Amino acid sequence: MQQDKREDDHSRLTNVTAKDLTAGNRRLVEVPYTATLSHAMNTLVANSISALPVAAPPGHWIGAGGSMIMESDKQTGVVRKHYIGILTMLDILAHIAGDGSDLSDLDRKMGSQVSSIIGHCLEGLSLWTLNPNTSFLECMEVFSKGIHRALVPVESSIESSNTIAGVELIESASAYRMLTQMDLLRFLRDHHFDDLKTVLSRSIFDLKAVNDSVYAITERTTVSSAINVMKGALLNAVPIVNAPDVALEDHLQLINGRRRKVVGTFSATDLKGCRLPELQTWLPLTALEFTEKNAGKERDMVSCGVDATMEEAIEKVVTRGVHRVWVMDQQGLLQGVVSLTDIIRSLRSALL
């Protein structure tokens, strides 16, 4: 009997598809290519999301990374719009803090059209769709490569869609839902699969989930410098470390955070709720001052030890809504980081 139950559970995990993973997700939240950055930022905030697909009329644009992801009329099949890229919070911030130019220019910058800044950060160019029939393990493979999100057609109208699973750059459907790395991990946390118990009880160290190279900013790095270096390194969040010993110019760039004391976390999404006049006053502050004033100290330091189990790490990211956990050594100094990509990559390896 126990054996039957285990097989049933195992088959349940292998039977899960991208369609199941997005079943409870709301309709796609998007912005038109003519939207201003101001409007896009308000949309991100209102929906508590960190990225938005950008839609344009068909036939005028090359999609991000050469993609052709279309929305078509359910009845007639006529193409209504073309998704040309993804706009993230980091794109908006990098555009504002961009060249360190005059901050009084902020109004003009926030009036820019979203189409003019798509792809300034590489992530904006990664627009992917996942066929609804893609298996859980195949979804894990895609997300283990650093792809953070993909569009899943509610009903695909591409001919071979019933047979081909996996990631696509060409798709046409009447509606889509967004599937993110976080959705995948939340699903794992909420459904207790027997065949995962053993893996989840192993430590993040044992599963090789801990990334030893961890870049940080110092307690003297300004918000404006932080955004610039994060854009360059494609990082959505960095630890703020105590670094009284480093040279002056090191406060303007990323430093190796290992074996240093973490005093906070600076994340692009922390700036989501900012109104424009506030942004103006915050860019010259240090990132540490900013997080102490605004991010709410409850939120900012999500960490664990190397002996934490994978289950504990997943619980932390899902409950706290963060995309990484800082890993500390016995002395409480930074040892590494476990990102959602690291979690999904190491889980997939262990399952295979």
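Which residue forms a salt bridge with Asp 183? The partner is Arg 186, and the closest N and O atoms are 3.4 Å apart. This is a predicted model. A search of the whole structure finds 14 salt bridges. The count of aromatic pairs is 5, and the count of disulfides is 0.

**Salt bridges inside helices**

- Asp 183 and Arg 186 both belong to helix α7, which covers residues 181-190. They sit 3 residues apart, or about one turn of the helix.
- An α-helix has 3.6 residues a turn, so residues three or four places apart point the same way.
- The two partners differ in exposure. Asp 183 has 12% relative accessibility, so it counts as buried, the cut-off being under 20%. Arg 186 is partly exposed at 33%.
- Helix α8, residues 194-200, holds another bridge of this kind. Here the side chains of Lys 197 and Asp 194 meet, at 2.8 Å from N to O.
- Lys 197 and Asp 194 are 3 residues apart in helix α8, so about one helical turn separates them.
- Lys 197 is exposed, with a relative accessible area of 52%. Asp 194 is buried, with a value of 9%.

**A salt bridge between strands**

- The side chains of Glu 71 and Lys 81 also meet in a salt bridge, at 3.5 Å from N to O.
- This pair links distant parts of the chain. Glu 71 is in strand β3, residues 68-72, and Lys 81 is in strand β4. The two are 10 residues apart.
- Glu 71 counts as buried at 11% relative accessibility. Lys 81 is partly exposed, with a relative accessible area of 22%. The cut-off for buried is under 20%, so Glu 71 falls below it and Lys 81 does not.

**Aromatic pairs**

- Tyr 83 and Tyr 176 form one of the 5 aromatic pairs. Their ring centres are 5.8 Å apart. Their planes meet at 90°, and the pair is edge-to-face.
- Where do these two residues lie in the chain? Tyr 83 is in strand β4, residues 79-88, and Tyr 176 is in strand β9, residues 176-180. The pair therefore ties together parts that are 93 residues apart in sequence.
- Both Tyr 83 and Tyr 176 are buried.
- Phe 136, Phe 187 and Phe 193 form a cluster, linked by ring pairs.

**Cysteines**

- The model has 0 disulfides.
- Cys 139 is buried, with a relative accessible area of 0%.
- Cys 304 is buried too, with a relative accessible area of 10%.

**A buried helix**

- How many residues of helix α4 are buried? The count is 9 of the 9, across residues 89-97. The helix is therefore largely enclosed by the rest of the structure.
- The buried residues of α4 include Met 89, Leu 90, Ile 92, Leu 93 and Ile 96. Asp 91 and His 95 are buried as well. So are Ala 94 and Ala 97.

Conventions
Residues numbered from 1 in each chain as written. Predicted model: local features only at pLDDT ≥ 70, side-chain atom pairs only at ≥ 80, totals over all residues. Heavy atoms only, no water. Phe/Tyr/Trp six-rings, centres within 6.5 Å; stacked < 30°, edge-to-face > 60°. Helix = DSSP H or I, 4+ residues; strand = E, 2+ residues; numbered from the N terminus. Buried < 20%, exposed > 50% of the residue type's maximum accessible area, 1.4 Å probe, protein only. Disulfide = S-S within 2.5 Å. Salt bridge = Lys/Arg side-chain N within 4 Å of Asp/Glu carboxyl O.
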